[in-house]
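Here are my notes from a first pass through this one. Have the model open while you read, and tell me where you disagree.

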Amino acid sequence: MWMHNCLFVALLLLALATSFTEAHGSQHWWDIGLLKTRVEVRNGLEGGQELRVHCKSGDDDLHLRVLKPHNFFSWSFHPNLWGSTQFYCAMDWGEGRVHWFDIYIWKRDYPRCGNCLWIVKQSGPCFYDMGNRDYDFCYPWNPGSLMKLD
């Protein structure tokens with residue numbers, strides 16, 4: 001019985017190591033809690049408008065940022081080990097309505113990026129695809145709007 005349990009644990013660890021290294025290249029599965037993820041939010045609004053962005057997670061408040069056209073801000077963090085790391089950003093550009101989007105969701109983003117690049121357009125944020133070298137994964141804004149950005 002002991003040998004059977006040891007074999008099961010070894011196979012489980014091998015499966016985890018394989019899936020992790022496939023998603024993160026040369027990284028090792030035991031680095032999950034040590035790896036930093038970087039998120040970048042870039043102003044891609046048409047018409048030379050400034051973008052006001054306020055990003056938060058359950059643990060961190062990144063405060064209000066004002067981005068001039070084509071400028072960006074970024075931050076880095078360690079995703080938690082249980083896969084619930086999430087950041088959302090509220091954004092506006094002077095039209096009287098605040099839009100918001102979940103800019104980082106561990107289950108969606110951890111397998112595809114350690115450096116998550118986003119450009120914000122009026123229609124919604126677009127994710128940078130390293131393979132195509134373009135911001136071609138565009139998403140709609142989350143439903144509902146916030147009354148004010150603080």
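**Notes on the model**

1. Let me start with Asp 61, which is partly exposed, because its relative accessibility is 35% and the bounds for that class are 20% and 50%. Asp 61 belongs to strand S3, which covers residues 61–67. Bear in mind throughout that this is a predicted model.

2. What does Asp 61 touch, once residues up to four places away in sequence are set aside? The list is His 54, Cys 55 and Lys 56. With His 54 there is a polar contact, side chain to side chain, at 2.6 Å. The Asp 61 side chain also has a polar atom 2.8 Å from the backbone nitrogen of His 63. Further along the chain, Phe 87 is 26 residues from Asp 61 in sequence, and the C-alpha to C-alpha distance between them is 9.4 Å.

3. Now the overall layout. The protein has two helices and nine strands, and their order along the sequence reads α-β-β-β-β-β-β-α-β-β-β. Of its 150 residues, 37% are buried. If you take the contacts between residues at least 6 apart in sequence, 53% of them join residues at least 24 apart. On the outside, about 9,100 Å² is exposed, with carbon and sulfur atoms supplying 59% of that area.

4. Strand S1 (residues 37–43) is worth a look. Why call S1 largely enclosed by the rest of the structure? Because five of its seven residues are buried. S1 pairs with S4 (residues 72–77) in the antiparallel sense, over six bridges, and within that pairing Thr 37 has Phe 77 as its bridge partner. S1 also pairs with S7 (residues 115–121), this time in the parallel sense and again over six bridges. There, Arg 42 stands opposite Ile 119.

5. Then the aromatics: I count 12 aromatic pairs. Trp 118 and Phe 127 make an edge-to-face pair, because their planes are at 65 degrees, with the ring centres 5.1 Å apart. Trp 118 and Phe 127 are both buried. Trp 118 also pairs with Tyr 139, and here the planes are at 50 degrees and the centres 5.6 Å apart, so this pair is tilted. That second pair links distant parts of the chain, 21 residues apart: Trp 118 is in strand S7, while Tyr 139 is in the segment after strand S9 (134–138).

6. Is each partner in that tilted pair buried or partly exposed? Trp 118 is buried, as its relative accessibility is 0%. Tyr 139, by contrast, has a relative accessible area of 23%, so it counts as partly exposed.

7. Two arginines also sit over rings already mentioned. The charged end of Arg 108 is over the ring of Tyr 139, 5.4 Å from the ring centre. Arg 112 lies over the face of Phe 127, and its distance from the ring centre is 3.7 Å.

8. Last, the aromatic cluster. Which residues form it? They are Phe 73, Trp 75, Phe 77, Phe 87 and Tyr 104. Two of these names have come up before: Phe 77 is the bridge partner of Thr 37, and Phe 87 is the residue whose C-alpha is 9.4 Å from that of Asp 61.

Conventions
Residues are numbered from 1 along each chain as its sequence is written. This is a predicted model: local features need pLDDT of at least 70, side-chain atom pairs count only at pLDDT 80 or more; totals for chains, interfaces and linings use all residues. Side-chain values use heavy atoms; hydrogens and water are left out. Buried means under 20% relative accessible area, exposed over 50%, partly exposed in between (1.4 Å probe, protein chains only). Helices (H or I, at least four residues) and strands (E, at least two) are DSSP runs, numbered from the N terminus. Two strands pair if DSSP finds at least two bridges between them. Contact means heavy atoms within 4.5 Å. Accessible areas come from the Shrake-Rupley method with a 1.4 Å probe; for residues, only the protein chains shown count as cover. Rings of Phe, Tyr and Trp (its six-membered ring) pair if their centres lie within 6.5 Å; planes under 30 degrees apart count as stacked, over 60 as edge-to-face and the rest as tilted. A charge sits over a ring if NZ of Lys or CZ of Arg is within 6 Å of the ring centre and within 35 degrees of the ring normal. A polar contact is a pair of N or O atoms within 3.5 Å; within protein, one must be able to donate a hydrogen and the other to accept it, and residues adjacent in sequence count only if both atoms are side-chain atoms.
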